[in-house]
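User: Please take a close look at one part of this structure for me, its salt bridges, and then work outward from there. I'm a first-year student, so keep it friendly and go step by step.

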Amino acid sequence: MKLSVLFLGAMASGFCYTAHANSFIDDSSVNLTARNFYFDRDYKENDPVNAARDWAQGFILKANSGYTPGLVGVGLDITALAGFNLAGSRADDYAGSGLLPVSSSGKIDQYGEIRWTAKAKVGNSTVHTGTLTPMFPVLFSSPARLFQQNYRGTHLQINEIENLKLHGLYVDRVNQRDSTDFEKIRVGNPNGRFDQAAASSGLYMLGGEYKLRENINTQVFHANLHDVYQQSFVGTKMKHDIGFAHLVSDLRLFVSEDSGQSLAGKIDNQHLGGLFGFQRGNGILSLGYMQSFGDTAMPTLAGSEPAVFLDSMSADFSNKDERVYSARFDYDFKDTPLSGLKFMTRYSKGIDIDLSKLVDEDYKQRALDTELSYHFNEGALKGLNLRLRHTRYRSDLPLVGQAFRPGDETRLNVDYTWKFK
């Protein structure tokens, strides 16, 4: 990218004049995370494969500089990744899990790469160019495997008004979770929702986040995947004290339509979701509802998940006409002898699913998700994180050509982070 080359040149020049500056070094940080990831998805139907299983060891080194002093501060962030297969050769009847790259011969490969991000700061506002991991409703870098999905581009964030963040972003390539290569950005096409998983020359995003009050946060975003689709988002999160407890809510609306040359075909969707909870002490009981309107399913980017409140491992619950009911319970053991332990369980059911290419418009799916995590906050094991997730997913969707198949899935993460500065 020409912009990246120019930016790095300017940054290098800045270093020549500010080598004596301490803020570039003093505000820097270096962290190394060792991540062990076990993935086991046991399908309940044996055709064409009966399971997806992988066990991998990853290492994530992040070295982030501070900013040089002056009107325009510059800096550099570097991330180095290495992933290793611990499960031996792939069995013929195992599908890929997305943890590691798979060669054309079916062998699971080790891999590694170095990613960089140049950055500059003026006042309280920043610009980053290079490798980005955006976590926005309309552009979400999936963190659901050994390494996080990332994009190549530039992100401007303006923070000059109190409680308001403005964003402008452009990306033209994506690095998927199990790859070292940057490729064109595509719209996802699970279950053949659209004519094809069309590729685009790039995506731009504009948006803002505003904290109305201490307990009310709002977001407005718009993204355009060039010649494929455009998507607008409005959302708000609230927490209201009623004396003996808190009422919490999370409301999200996505409006999507095809744009430009409509390379993926017609896209027309309005997706509305709301999660309402009752928090008392360390526990939260929540009830949620989502529904898709329009002529197609909700579009998302390939390799990612829709940024709806229902972050299920087993399916995305955003098919055409789908109505989803959800009940969830969370408990945080903070301020108890088990401080650091968190528990979550959730049941979700989607009905009235229309797969468009089939006559039947009344398919169903359901999932029971459970998560248990423990973070060591002190002692010799400080920095160690354990996370166990399990889901039981069932549906009556036809198996042939479907992205989500009935099965039981377990994921186990063991992370340990060393902070050197």
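Analyst: Let's sort out the labels before anything else: a strand here is a DSSP run of at least two E residues, and strands are numbered from the N terminus. Phenylalanine 293, for example, belongs to strand β19, which covers residues 283-293. Keep in mind that what you're looking at is a predicted model.

Now for your salt bridges. Side chains of opposite charge can pair when their charged atoms come close. How many salt bridges does a search of the whole structure find? The count is 23, and we'll zoom in on three of them.

Start with lysine 266 and aspartate 295, whose closest N and O atoms are 2.8 Å apart in their salt bridge. This pair ties together distant parts of the chain, with the two positions 29 residues apart in numbering. Lysine 266 sits in the loop between β17 (246-258) and β18 (268-280), and aspartate 295 in the loop between β19 and β20 (323-332). Are these two buried or exposed? Lysine 266 counts as exposed because its relative accessibility is 52%, and the cut-off for exposed is over 50%. Aspartate 295 has 42%, so it is called partly exposed.

Next up is the pair of aspartate 352 and arginine 323, with an N to O distance of 2.5 Å in the salt bridge. Again distant parts of the chain are linked: aspartate 352 is in strand β21 (residues 341-353), arginine 323 is in strand β20, and they are 29 residues apart. Both ends are partly exposed, aspartate 352 at 24% and arginine 323 at 23%. Why doesn't arginine 323 count as buried? Buried means under 20% relative accessible area, so a residue at 23% is partly exposed instead.

The third pair is arginine 346 with aspartate 369, where the closest N and O atoms are 3.1 Å apart. It joins strand β21, home of arginine 346, to strand β22 (residues 363-375), home of aspartate 369, across 23 residues. Both of these partners are buried. They also have company: Asp311, Arg328, Asp330, Arg346 and Asp369 are joined into one network by salt bridges that share partners.

Stay with aspartate 369 for a moment. Its side chain also makes a polar contact with the side chain of threonine 391, at 2.5 Å. Threonine 391 belongs to strand β23 (residues 384-395) and is buried, with a relative accessibility of 1%. If you skip the neighbours within four places in sequence, threonine 391 is in contact with Met313, Ser314, Ala367, Leu368, Asp369, Gly407, Asp408 and Glu409.

The loops that came up with lysine 266 and aspartate 295 each hold a backbone detail too. In the loop between β17 and β18, serine 262 has a positive phi of about 50 degrees, even though it isn't a glycine. That serine is partly exposed at 21%. In the loop between β19 and β20, phenylalanine 317 is not a glycine either, yet its phi is positive, near 55 degrees. Phenylalanine 317 is buried, with a relative accessible area of 1%.

Now back to phenylalanine 293, which is partly exposed at 36%. On the surface, Phe293 joins Val220, Val234, Leu253, Val255 and Leu272 in a nonpolar patch with about 470 Å² of accessible area together.

Nonpolar side chains also gather on the inside. The largest nonpolar core has 41 residues, and Leu139, Val171, Leu203, Met205, Leu225 and Leu301 touch the most other members. At least two core residues come from each of β10 (164-175), β14 (203-213), β15, β16 and β22. Among the contacts of leucine 301 beyond its sequence neighbours are Leu139, Leu203 and Leu225. There is also a second, separate core of 13 residues, including Val49, Ala52, Leu81 and Leu100.

One last stop: histidine 226, in the loop between β15 (216-225) and β16 (229-241). Histidine 226 is partly exposed at 41%. Its C-alpha is 6.3 Å from that of serine 201, although the two are 25 residues apart in sequence. Leaving out its sequence neighbours within four places, histidine 226 is in contact with Ser200, Ser201 and Gly202.

Terms used:
Residues numbered from 1 in each chain as written. Predicted model: local features only at pLDDT ≥ 70, side-chain atom pairs only at ≥ 80, totals over all residues. Heavy atoms only, no water. Patch = residues over 30% accessible without salt bridge, like charges linked within 9 Å, V, L, I, M, F, W, Y side chains within 5 Å. Areas by Shrake-Rupley, 256 points an atom, 1.4 Å probe, with all protein chains shown as cover. Salt bridge = Lys/Arg side-chain N within 4 Å of Asp/Glu carboxyl O. Helix = DSSP H or I, 4+ residues; strand = E, 2+ residues; numbered from the N terminus. Buried < 20%, exposed > 50% of the residue type's maximum accessible area, 1.4 Å probe, protein only. Polar contact = N/O pair within 3.5 Å; in protein donor to acceptor, adjacent residues only side chain to side chain. Contact = heavy atoms within 4.5 Å. Core = buried A, V, L, I, M, F, W, Y, C linked by side-chain atoms within 4.5 Å.
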